[in-house]
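Here is a short set of questions and answers for someone new to reading protein structures. Please keep the structure in view as you work through them.

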Amino acid sequence: MTQPDYRDGILCLEDLPLTAIAESYGTPVYVYSRHAIEQQWQAFDRAFGKHPHLVCYAVKANSNLAILNLLARLGSGFDIVSVGELERVLRAGGEPGKVVFSGVGKRRDEIERALECGIRCFNVESIAELERINDIANATGVKAPVSLRVNPDVDAGTHPYIATGLKENKFGIDFSDALATYLEAARMPGIELAGIDCHIGSQITELAPFRDALQRLLGLLAQLEEHAVHIRHIDIGGGLGIPYEAQETVPDPADYAAMIIATLGERKLEIIMEPGRAIVGNAGLLLTRVEYLKHNQAHHFAIVDAAMNDLLRPSLYDAWHGILPVREQGDGREESYDIVGPVCETGDFLGKGRRLRLQPGSLLAVCSAGAYAYSMSSNYNSRPRVSEVLIDGAAHHLIRRQESLEDLFSHEQTLP
Ligand code: LLP
């Protein structure tokens with residue numbers, strides 16, 4: 001199984017009981033399924049079939065080198081947003097020619113390095129960025145491949161912090177300015193117009209917003225053709241959601257691809273996509289142990305050893321993650337628990353009102369923690385970042401060791 005499931009009353013990921021992982025590595029620990037990651041990437045790749053396409057995994061979702069390397073071995077491209085992500089991709093064996101570079105604030109040094117590596121494309125978000133890339137390309141004597149990220153002004157129907165395709169958001173070039181910006185770009189000697197791009201948000205659970213955005217882009221494309229601006233690819237961004245709750249239904253990569261191919265019709269453009277969460281989100285979990293139970297007049301609290309610094313999504317977006325007992329029967333008396341961490345913030349919780357049988361020492365799995373979980377973790381409260389382990393059948397591999405206390409202050413120094 002690539003989703004956690006119970007065998008003989010113990011929660012397992014692939015063929016390994018999570019009790020064994022906790023014994024080997026301690027807790028908290030992030031645990032991922034190799035099979036689940038590969039299966040999801042292949043689902044995207046397969047869904048687009050013979051239509052020319054490139055799946056560019058969004059590195060920010062989970063940037064561990066081992067995971068990037070597994071995807072590179074499958075032939076994946078990568079969507080990056082910083083030079084740090086670029087160096088990770090290269091270190092993991094990714095091909096620079098399959099890298100697209102997104103983000104509103106690319107620095108000069110980042111653009112220079114990306115040009116030097118020969119990335120596939122810059123997804124440009126403003127006229128000022130376009131001018132900067134043109135300058136750098138001219139100075140280096142190369143042409144920079146560029147796609148303009150257009151803001152299609154569609155409502156993705158997702159959490160406001162992760163909606164990016166509305167005209168009030170900081171992302172992309174205003175739809176009404178897009179044609180003029182293309183014509184301007186076409187006159188710049190350092191720019192080679194390669195594509196058109198949009199990304200409307202994340203954790204989108206319906207196809208309609210994607211279709212609306214694509215249709216707007218196709219309208220713009222027709223105008224470009226009239227002005228003799230020809231491009232080779234259309235990048236539809238990332239954003240396909242995942243089910244966080246068992247009863248949630250979300251379009252799968254096959255539904256998504258069928259809609260996109262149908263909307264494109266006869267157009268022979270290459271399709272680039274940038275899925276992050278849909279590839280790794282449900283391939284990982286955070287394993288944590290109950291330290292204390294605490295009861296007051298209003299609540300039952302299970303204080304666990306993981307906290308908001310390890311998994312920020314519940315605190316930041318009020319996101320809901322499934323929390324499963326590793327021992328199916330649980331231990332102790334059943335109560336409705338708030339699962340909270342040791343960090344000194346009331347907002348430090350992983351889940352609220354969960355009916356569980358717990359006692360100190362019980363192990364819990366916080367599910368759907370493969371995306372935007374480890375990658376958003378921090379050292380807040382001087383808590384070392386935890387280990388990451390990849391399960392492959394019955395084998396397990398440490399893919400990032402836990403930080404030591406020494407690591408915590410190794411970059412700091414006191415005054416002379
Ligand atoms: N492409 C661009 C330009 C993006 O900004 C993003 C995500 C993606 C692709 C990948 O989107 P995905 O397929 O993973 O939805 N921290 C938030 C999510 C932030 C997403 C940021 N951009 C969360 O935990 O929900």
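Q: Against which strands and helices do the buried residues of H8 pack?
A: In this predicted model, the buried residues of H8 include Phe-210, Leu-217 and Leu-224. The partners of the buried residues of H8 are strand E9 (144–151), helix H7 (175–186), strand E11 (191–197), strand E12 (233–235) and helix H9 (253–264).

Q: How far apart are the end C-alpha atoms of helix H8?
A: Helix H8 runs over residues 208–226 and so has 19 residues, which at 1.5 Å a residue should span 27 Å. The distance between its end C-alpha atoms agrees with this expectation, and its value is 28 Å.

Q: Is E9 largely enclosed by the rest of the structure or exposed, and how many of its residues are buried?
A: In a regular strand, side chains alternate between the two faces of the sheet. On one side of E9, Ala-144, Val-146, Leu-148 and Val-150 are buried, and on the other side Pro-145, Ser-147, Arg-149 and Asn-151 are buried, so that both faces are covered. E9 is therefore largely enclosed by the rest of the structure, the number of its buried residues being 8 of the 8.

Q: Which residue of E11 is the bridge partner of Pro-145?
A: E9 and E11 pair in the parallel sense over 6 bridges. In one of these pairings, Pro-145 has as its bridge partner in E11 the residue Glu-192.

Q: What is the handedness of the β-α-β unit that E8, helix H6 and E9 make?
A: Strand E8 (residues 121–124) pairs with E9 in the parallel sense over 3 bridges, and Phe-122 has Val-146 as its bridge partner in E9. Together with helix H6 (residues 127–140), these two strands make a β-α-β unit that is right-handed.

Definitions and conventions. Residues numbered from 1 in each chain as written. Predicted model: local features only at pLDDT ≥ 70, side-chain atom pairs only at ≥ 80, totals over all residues. Heavy atoms only, no water. Helix = DSSP H or I, 4+ residues; strand = E, 2+ residues; numbered from the N terminus. Expected span 1.5 Å × (residues − 1). Buried < 20%, exposed > 50% of the residue type's maximum accessible area, 1.4 Å probe, protein only. Contact = heavy atoms within 4.5 Å. Pairing = 2+ DSSP bridges. Right-handed = clockwise from strand over helix to strand, strands pointing away.
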